[in-house]
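Here's a short tour of one protein chain and the ligand that goes with it. Take a look at the picture, then read on.

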Amino acid sequence: MASLTLKRAAGAWLAALVLGLAASAQAQSPAANPPEADFAKQQQAQQQSQPLNNQPVWKEVRSGQAQTSTVRGRETNVLIQSQGQTWRAARVTVSTALGGLIAALVLVLFGYYFWRGSIELHGAPTGRVIERFSPAKRIAHWSMGLTFVALGVTGLILTFGKSLLLPIIGYTLFSWLATLAKNVHNFTGPVFSVALLIFIFMYAKDNLPKAYDLQWMAKFGGMLDRSGNTHVPSGKFNAGEKGLFWSLVVVVSLVLVVTGYILNFPNFDQTRETMQLANIVHLVAALLGIAMACLHIYMGTVGMKGALDAMRYGYVDETWAKEHHGLWYDDVMSGKVPRGTEPAAPTLPQGRPA
Ligand code: HEM
């Protein structure tokens, strides 16, 4: 009985030994695992024929094949995310093209100013003023507008500073400037998002499109008539301002806010690909938005006499209202639209406090 058990155990051991040796021989045979063996051979050959050219390794890395990691979390097994290279290349192309657009637009605005000059009033100011923007509306405009400008300037420093400023101001100064720009940008973004929503809420009603806006668009508001004799009727805001409101303020700025939050808070657990996409969309929206804001800031300052006073002090002269926003002026005169509060102090014809 005992010798039978011993024989059986010896047989099982022998069988296990034979099977084990066969499996080990198969694992070591090049034919058993051809791709890995081929890869190793390719690597050896590559290192001899083209030393330091590690292309096959990087090809494997870029294949997107998951790696192994004991760290738990999203994408922790993707050690190198190869789309990062595509993203970096796209960033350079997009920023160069749209940065060029902004530079060209600034030149066009300079040219337009020298050709057309500031749009002046034809009639004499009456000295009677109408309220154009209440204090609350002015605070809403400046909170949104100035935070936008701060984000635009710091964003431009972060995008183009390394190529344009670093060679001029050197590493020490640029490092301080870039750190400051990054922090101002990151902390101003959320403030802008709140100011933006308040602005949209307060200004949307006056920006609803009306049939007469088509006339303004057909003649481009008379802006290309150097004599200034083309008068196009417009309500509280003209079609150009309405276009700016819906495109820049509503669409572009909301896209900037959403993509900005995705970039500002990586702890939302988004993937690297989501952040790269958000970054490209943010960049395109920002550069287009900055170009549009340049047009608006030009018209709100040097482009039209009296416009800045309206947003600074809240009042415009009746002649300004009649010449630039005729239908709004008619509505105020007929009492259809409230004339607003009287200024607390006497004002100059432009609407400025005396
Ligand atoms: C710091 C630079 C800025 C200046 C000097 C400025 C100037 C002005 C002025 C003078 C007005 C009144 C125009 C009128 O009476 O019809 C105005 C209105 C307005 N501004 Fe600005 N602004 C600036 C920044 C911005 C920015 C950055 C935005 C958008 C992101 C913006 C969006 C608007 C809008 C939407 C209106 C009202 C027009 C409408 O609702 O259709 N502003 N601005």
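What share of the contacts in the chain with a separation of 6 or more comes from residues 24 or more positions apart? The share is 71%. Keep in mind that this is a predicted model.

## The overall layout

Let's start with the whole chain. You'll find 12 helices and two strands in it. If you follow the sequence along, the order goes α-α-α-α-β-α-α-α-α-α-α-β-α-α.

The chain has 354 residues, and 19% of them count as buried.

## Around the ligand

Now for the ligand. There are 25 residues around it, and the ones that come nearest are Gly145, Phe148, Glu241, Gly300 and Met311. By character, the shell splits into 15 nonpolar residues, seven polar ones and three charged ones.

Which helices supply at least two residues each to this shell? They are α5 (135–164), α8 (239–264), α9 (272–303) and α10 (307–313). The largest share belongs to α8, with seven residues.

## A closer look at Met202

Met202 sits in helix α6, which covers residues 166–203. Is Met202 buried or exposed? Neither label fits: Met202 counts as partly exposed because it has 17 C-beta neighbours inside 10 Å, while being buried would take 20 or more and being exposed 12 or fewer.

What does Met202 touch, if you skip its neighbours within four places in sequence? Its contacts are Lys137 and Ala140. There's also His141, 61 residues away from Met202 in sequence, with 9.5 Å between their C-alpha atoms.

Definitions and conventions: Residues numbered from 1 in each chain as written. Predicted model: local features only at pLDDT ≥ 70, side-chain atom pairs only at ≥ 80, totals over all residues. Helix = DSSP H or I, 4+ residues; strand = E, 2+ residues; numbered from the N terminus. Contact = placed C-beta atoms within 7 Å. Near = placed C-beta within 6 Å. Nonpolar A, V, L, I, M, F, W, Y, C, P; charged D, E, K, R; others polar.
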